[in-house]
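Student: Hi! Could we go through the charged pairs in this one together?
Tutor: Sure, happy to. Let's have it up on the screen.

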Amino acid sequence: MLAALSAVFTTVAIVGILLYESYGFFEHVALKDFLTDTVWTPLFENPRYGILPLVSGTLTITGVALMIAIPIGTISAIYLSEFASHKVRETVKPILELLEGVPTIVFGYFALLFITPLLQKIFPGLPTFNMLSPGIVVGIMIIPYIASVSEDAMRAVPMSMREGSYAMGATRFQTAIRVVTPAAISGIVAAYILGISRAIGETMVVAIAAGQQPNLTFNPMESAATITAYIVQVAMGDLPHGSIGYQSIFAAGLVLMLMTLTLNLIGHMTRKKFSERY
Amino acid sequence: MMTTTTPVKAEARNLSFFYNGGNHALKGVNMPLYENKITALIGPSGCGKSTFLRCFNRMHDLYPGNKYEGQIVMHPDNTNILEKSVDPIEVRMRISMVFQKPNPFPKSIYENVAYGLRVRGENNKRMLDDKVEEALKGAALWNEVKDRQQDLAFNLSGGQQQRLCIARALATDPEIMLFDEPTSALDPIATANIEELMSELKNKLTILVVTHNMQQAARVSDYTAYMYLGELMEYGDTDTIFTRPTRKETEDYITGKFG
């Protein structure tokens, strides 16, 4: 009871601080400028506070990550759940779960020192700091989440449904694609949402490999900063407590929270819509 | 006692079955299925009647380590459907199955019925429409669902879902239909509907049904087989089995002294 309460209390406290400090921020900056200005330079002589460049950076990297993670993660889940032998599954799943535990800073340097040079061989004009490389690496990072949660959902589809499909003369592949996947769709969507939240909130990889210049673009070949990268950048500096620059990280954090909250709501609604009744 | 003039649709010849791990679940069963008749399998739990039924569409192939011995021969082509060279998918195209618990797919009513045709590569809309309508009529479900064929199948009642599963199994024009305790999850009215339906269906195909319900076997079947511990104890036309069984064990089971 106390433990549960402490979790609730912590959440309330976090939201409260976010709102309180953001309130201080919005006393100086008009909400309209915050949402429509296209430049984010809170620490310059003439500060401008448009959140859009950070949002575009976040969305671009998330988009690249999902283009990698959703196909690979889903196909891995289908393979593990429907095709792999018991032995293969019991070997691969722990490895996937191990991959989830790799510190993100490792992935960050992996992006900067390995993936970026590799990409520069393919795209010679690619700058050292770009969104493509961390996007791909964040994608690789969330594959295990998507694969593992989707696989759980597919394994939970009762055998009787598969038998029904086989009894109609369906092949293994047809059964996996036409019956098991739709039956597990709510769990699979939940896995995607989890992956997206994770990609949006990812900090280290992008702070290291994407550059830290806020840049209003959706072109993954350019460098940019994300919301999280900005927060970590400012938080590591020596801004005086209570200054507007300090408060700006709470405003950015609030936007981040609203984005993940929206996603969770969408996830919740999708789950309800597709709720399975076997 | 058996009418020898009735053609045989399929027959098990010295059929044995071993589950993964060695459980000897069927022991040398010899049994014909007569064309356009309903054959009921009765016997206490664990006697092997479901195992026997599931040999007919090679359901056991889905799980590794299971082993068949002996034959199930289909007529008139004399194919032994347990032969390794026979593709289980081919077998399932000829012999369909209705399960104990209704197991519709997470799709619309229409797509559930069309499923068997779709997996065979049929995509002609007109053809599918006709087949779906015919199958739904054949399963006595058409009048209830004709205006909502795009609804999710899960929105149907349990009895309707089971009739949907029958329609699904019917849509591909099978020669034999297997029923594995098809009414055990249904209320008495839905049960009566399914039984009536089975009696109509036998005009088109041959039926093998596993049932726990003695009255059901007596009501719907033409032939009854009593199984015990993996062996076929007695087989004959239903009236004879229920009124003058030759073996004491059969009589004890039917009268409820045992089981």
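Student: So how many salt bridges are there over all chains?
Tutor: The count comes to 21. Keep in mind that this is a predicted model.

Student: And how many does the rule find across the interface of chain A and chain B?
Tutor: One salt bridge. There, the side chains of B:Arg54 and A:Glu163 meet at 2.6 Å, N to O.

Student: Which elements give two or more residues to chain A's side of that contact?
Tutor: Those are α7 (159-167) and α8 (172-183) of chain A. The most comes from α7(A), with eight residues.

Student: What about the area buried between the two chains?
Tutor: About 1,900 Å², with carbon and sulfur atoms giving 61% of that. The contact takes 20 residues from chain A and 28 residues from chain B.

Student: Changing topic: which residue does A:Lys93 meet in a salt bridge?
Tutor: A:Glu151, at 3.0 Å, N to O. The pair links helix α4 of chain A to helix α6 of chain A, with the two residues 58 apart.

Student: Is A:Glu151 buried or exposed?
Tutor: Buried, because its relative accessibility is 2%. A:Lys93 also counts as buried, at 14%.

Student: Then where in chain B is the partner of B:Lys131?
Tutor: B:Asp173 sits in the loop between α6 (158-170) and β7 (176-180) of chain B. B:Lys131 is buried at 16%, whereas B:Asp173 is partly exposed at 48%.

Student: Which residues are linked in a network of salt bridges?
Tutor: B:Lys9, B:Asp77, B:Arg94 and B:Glu175.

Methods. Residues are numbered from 1 along each chain as its sequence is written. Chains are lettered from A and ligands numbered from 1 in the order in which they are written. This is a predicted model: local features need pLDDT of at least 70, side-chain atom pairs count only at pLDDT 80 or more; totals for chains, interfaces and linings use all residues. Side-chain values use heavy atoms; hydrogens and water are left out. Contact means heavy atoms within 4.5 Å. Buried area is the accessible area (1.4 Å probe) that two parts lose on being put together, summed over both. A salt bridge is a side-chain nitrogen of Lys or Arg within 4 Å of a carboxyl oxygen of Asp or Glu. Helices (H or I, at least four residues) and strands (E, at least two) are DSSP runs, numbered from the N terminus. Buried means under 20% relative accessible area, exposed over 50%, partly exposed in between (1.4 Å probe, protein chains only).
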